Amino acid sequence: MHPREAYELCCRHMGKKVRIVETSGRRHVGTITRVERNMVWIMPESGFGGLGLGFWGFGGGGLGIGIAIGAIAGIFLANAFWW
């Protein structure tokens, strides 16, 4: 996925539950809390397969965990798969 496309998708899904797949294969599930040009921040959902490892507030004042926009291979709305 092109970084600009990933950025635009993250902006459109701000505040929604998503599943983000990195190019390395790592998967994150959570709510997008902030989007920057080079980073997206999600609050992990431990009950939905997210990290949920105590990153609440780590590195961003309660924003969750940061994922580099360039490392994103795919973004999917969680509601489309789990509800």
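**Strand 1 and its surroundings**

Colleague: How many of the six residues of strand 1 (residues 17-22) are buried?

Modeller: The model is a predicted one, and the answer should be read in that light. In it, strand 1 is largely enclosed by the rest of the structure, because the number of its residues that count as buried is five of the six.

Colleague: Which strand pairs with strand 1 over five bridges and also forms a hairpin with it?

Modeller: The pairing in question is antiparallel and runs over five bridges, and the hairpin has four residues between its strands, with Gly25 in the turn showing a positive phi of about 100°. Individual positions fit this register, since Val18 stands opposite Gly30 and Ile20 stands opposite His28. The hairpin partner of strand 1 is strand 2.

Colleague: Which residue of strand 5 stands opposite Glu22?

Modeller: Strand 1 is also joined to strand 5 by five bridges, and these two strands run antiparallel. Within that pairing, the residue that stands opposite Glu22 is Ile72.

Colleague: What is the order of the five strands in the open sheet?

Modeller: The pairing in this sheet is antiparallel, and strand 4 and strand 5 stand at the edges with a single partner strand each, so one side of each is left without a neighbour in the sheet. Neighbouring strands are turned against each other by 45° on average, with direction ignored. Along the sequence the whole protein follows the pattern α-β-β-β-β-β-α, whereas the strand order across the sheet is 4-3-2-1-5.

Colleague: Is His28 buried or exposed?

Modeller: His28 lies in strand 2, and its side chain makes a polar contact of 2.5 Å with the side chain of Glu22. The relative accessibility of His28 is 3%, and the cut-off for a buried residue is under 20%, so His28 counts as buried.

Colleague: And Thr31, is this residue buried or exposed?

Modeller: Thr31 also has its place in strand 2, and, not counting residues up to four places away in sequence, it touches Gly15, Lys16, Lys17, Trp41, Ile42, Met43 and Glu45. Its relative accessibility is 19%, which falls under the 20% cut-off, and Thr31 therefore counts as buried.

Colleague: Why do the buried residues of helix 1 line one face of the helix, and within what arc do they fall?

Modeller: In helix 1 (residues 3-12), the buried residues are Ala6, Tyr7, Leu9 and Cys10, while Arg4 and Arg12, on the other side of the helix, are exposed. The buried residues pack against strand 2 (27-35), strand 3 (39-44) and strand 5 (72-77). They line one face because, seen down the axis of helix 1, they fall within an arc of 165°.

Colleague: At about what angle does helix 1 run to strand 5?

Modeller: Helix 1 lies across strand 2, strand 3 and strand 5, and those are also the strands against which its buried residues pack. Relative to strand 5, helix 1 runs at about 25°.

Colleague: Which element supplies the largest share of the largest nonpolar core?

Modeller: This core has 15 residues, of which Cys10, Ile20, Val40, Ile72 and Ile75 touch the most other members. Helix 1, strand 1, strand 2, strand 3, strand 4 (65-68) and strand 5 each supply at least two residues. The largest share is four residues, and these come from helix 1.

Colleague: Leaving aside neighbours within four places in sequence, which residue is in contact with Met1, Ala6, Cys10, Ile20 and Val40, among others?

Modeller: The contacts of the residue in question also include Val21, Glu22, Thr23 and Ile67. The residue is one of those that touch the most other members of the largest nonpolar core, and it stands opposite Glu22 in the pairing of strand 1 with strand 5. The residue is Ile72.

Colleague: How far apart in space, C-alpha to C-alpha, are Gly66 and Arg34?

Modeller: Gly66 is found in strand 4 and, at 37% relative accessibility, counts as partly exposed. Leaving aside neighbours within four places in sequence, Gly66 is in contact with Met39, Val40 and Trp41. Gly66 and Arg34 are 32 residues apart in sequence, and their separation in space is 9.1 Å.

Technical notes: Residues are numbered from 1 along each chain as its sequence is written. This is a predicted model: local features need pLDDT of at least 70, side-chain atom pairs count only at pLDDT 80 or more; totals for chains, interfaces and linings use all residues. Side-chain values use heavy atoms; hydrogens and water are left out. Buried means under 20% relative accessible area, exposed over 50%, partly exposed in between (1.4 Å probe, protein chains only). The arc is that of the directions from the helix axis to the C-beta atoms. Contact means heavy atoms within 4.5 Å. Two strands pair if DSSP finds at least two bridges between them. A polar contact is a pair of N or O atoms within 3.5 Å; within protein, one must be able to donate a hydrogen and the other to accept it, and residues adjacent in sequence count only if both atoms are side-chain atoms. A nonpolar core is a set of buried Ala, Val, Leu, Ile, Met, Phe, Trp, Tyr and Cys residues joined through side-chain atoms within 4.5 Å. Axes are lines fitted to C-alpha atoms, for helices over the stretch in contact, and angles run from 0 to 180 degrees between N-to-C directions.
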